[in-house]
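Grab a pencil and work through these short exercises. Each one comes with a solution you can check against the view.

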Amino acid sequence: MSISCFVCALALVASSASISPAQESARLAQDPAVKAALDAAKRNEPHFLDEQIRICEIPAPPFHEDARGRELERLFRQMGLQNVRIDKAGNVIGVRPGAAVHPNLLFQAHLDTVFPPETNVKVTREGDVLKGPGIGDDCRGLAMMLGVIQALNDAKVQTPGTITFVADTGEEGLGDLRGTKNLFNETLKGQIDKFVSVDGTGLGITNVGVGSYRYRATFKGPGGHSFGAFGMANPIQAMGRAIAKIDSFEVPSSPKTTFNVGRVGGGTSVNAIPFECWMEVDMRSSDKDSLETLHGKYNAAVQQAVEEENKRWNGRSPVSVDNALVGYRPAGITPADSPIVLAAIAVTKLFGAPGALREGSTDSNVPMNLGIPAVTIGSGGAGSGAHSLNETFNTKDSWLGTQRGLLLAVTLAR
Ligand SMILES: [Zn+2]
């Protein structure tokens, strides 16, 4: 290397180190190949709206995403992704190699819906509006992801880093992020440097992952006649003690930390000491430590309530509790001033949206909890009625969502 070349190489290193995410994304938007890909994304949008409808009409109830997953696997292969496979959690994985293996950006949308198997998943279309269960959340995310892959291919965009595309399982409800947990704990453990989840509609950015613990606690005892067997410990009264303790928890207001006893049930008759009752409890925070503290207090409250009830009745016919964890979503935050969030804001502003940040509970919770830079972005268009049978997706200018996702992916895969 000549001296002058060495100097220019140094200058390059210096400029790439000092360039901001905003400058980088603006520069990339003018790169000829990226520009061609952005044009392709807009041009291909009608096709991927048809694909969105077609994918949405393949049922994907909780824990049964396999049929929709096999179709995504077929499409990934057809689009030329490499090492296409389905892992043991049902995640469909395909790789678009870059010049180097790292940085490796994981870019994904979820397969599952909240709807049971018997749901009519037929999609109707009136003008700009598509209507059907799951049409926005997250069939739109899947279709947008496919649109990004196709546009990158059409324009032959080469990225310095690799993009791993995934259609994942178990994002919703009691699915408990099981697909993404499996990706980070097993299938792609240690291989992912950055993460983008495409979930829901619009052009929002989520950088705070609200975590949660959910429990179903069942209190049991022998039960008996309210008059004749008086003097026994009482499961409902034990549960009442637990609820009173929970109600008195002090929690921080910032970061917002919450608890709720959401459902209770049990007992058989007004004149019977019950043999069983149960409660369902939800606790949330975006702050790991606050959530763990609250979780510890909850477990202690349940145990103490049972001990106090048994002591109150001198240990006669004691009550026991089965405190079952039915949901856990890890908490985490990608700081607002981190490069990935600054890049997401800058890219979003290029498409005329404000780039405001939100909190949510999405697949990003998992990498956020591990300290891996992660954001969740909307997929464009406008949605309403998510998680209802009347869910709609308005396709007006939805290509902007595909273009934003593409430019963000290209900005991060370097
Ligand atoms: Zn979703």
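**Exercise 1.** What spacing do the donors of the zinc ion follow along the chain?

*Solution.* Keep in mind that this is a predicted model. Start with the donors: His110 gives NE2, while Asp137 and Asp199 each give an OD, at 1.9 to 2.1 Å from the zinc ion. Along the chain, the donors follow the spacing H-x26-D-x61-D. Next, place the two aspartates: Asp137 is in the loop between strand S5 and helix H5, and Asp199 is in the loop between strand S7 and strand S8, so this pair ties together parts 62 residues apart in sequence. Both Asp137 and Asp199 are buried.

**Exercise 2.** Work out why Cys56 and Cys139 are not bonded through their sulfurs.

*Solution.* First, the cut-off: a disulfide needs the two sulfur atoms within 2.5 Å. The closest cysteine sulfur to that of Cys56 belongs to Cys139, and it's 3.0 Å away, so that's too far for a bond. The structure ends up with zero disulfides. As for surroundings, Cys56 is buried, at 0% relative accessible area, and Cys139 is buried at 0% too.

**Exercise 3.** Find the residue that forms a salt bridge with Lys88, and say where the two sit.

*Solution.* The partner is Glu186, with the closest N and O atoms 2.8 Å apart. Glu186 sits in helix H6 and Lys88 in the loop between strand S1 and strand S2, 98 residues apart. Now check accessibility: Glu186 is partly exposed at 47%, whereas Lys88 is exposed at 66%. A search of the whole structure turns up 20 salt bridges.

Definitions and conventions: Residues numbered from 1 in each chain as written. Predicted model: local features only at pLDDT ≥ 70, side-chain atom pairs only at ≥ 80, totals over all residues. Heavy atoms only, no water. Donors = N, O, S within 2.8 Å, 3.2 Å for Na, K, Ca; no water. Helix = DSSP H or I, 4+ residues; strand = E, 2+ residues; numbered from the N terminus. Buried < 20%, exposed > 50% of the residue type's maximum accessible area, 1.4 Å probe, protein only. Salt bridge = Lys/Arg side-chain N within 4 Å of Asp/Glu carboxyl O.
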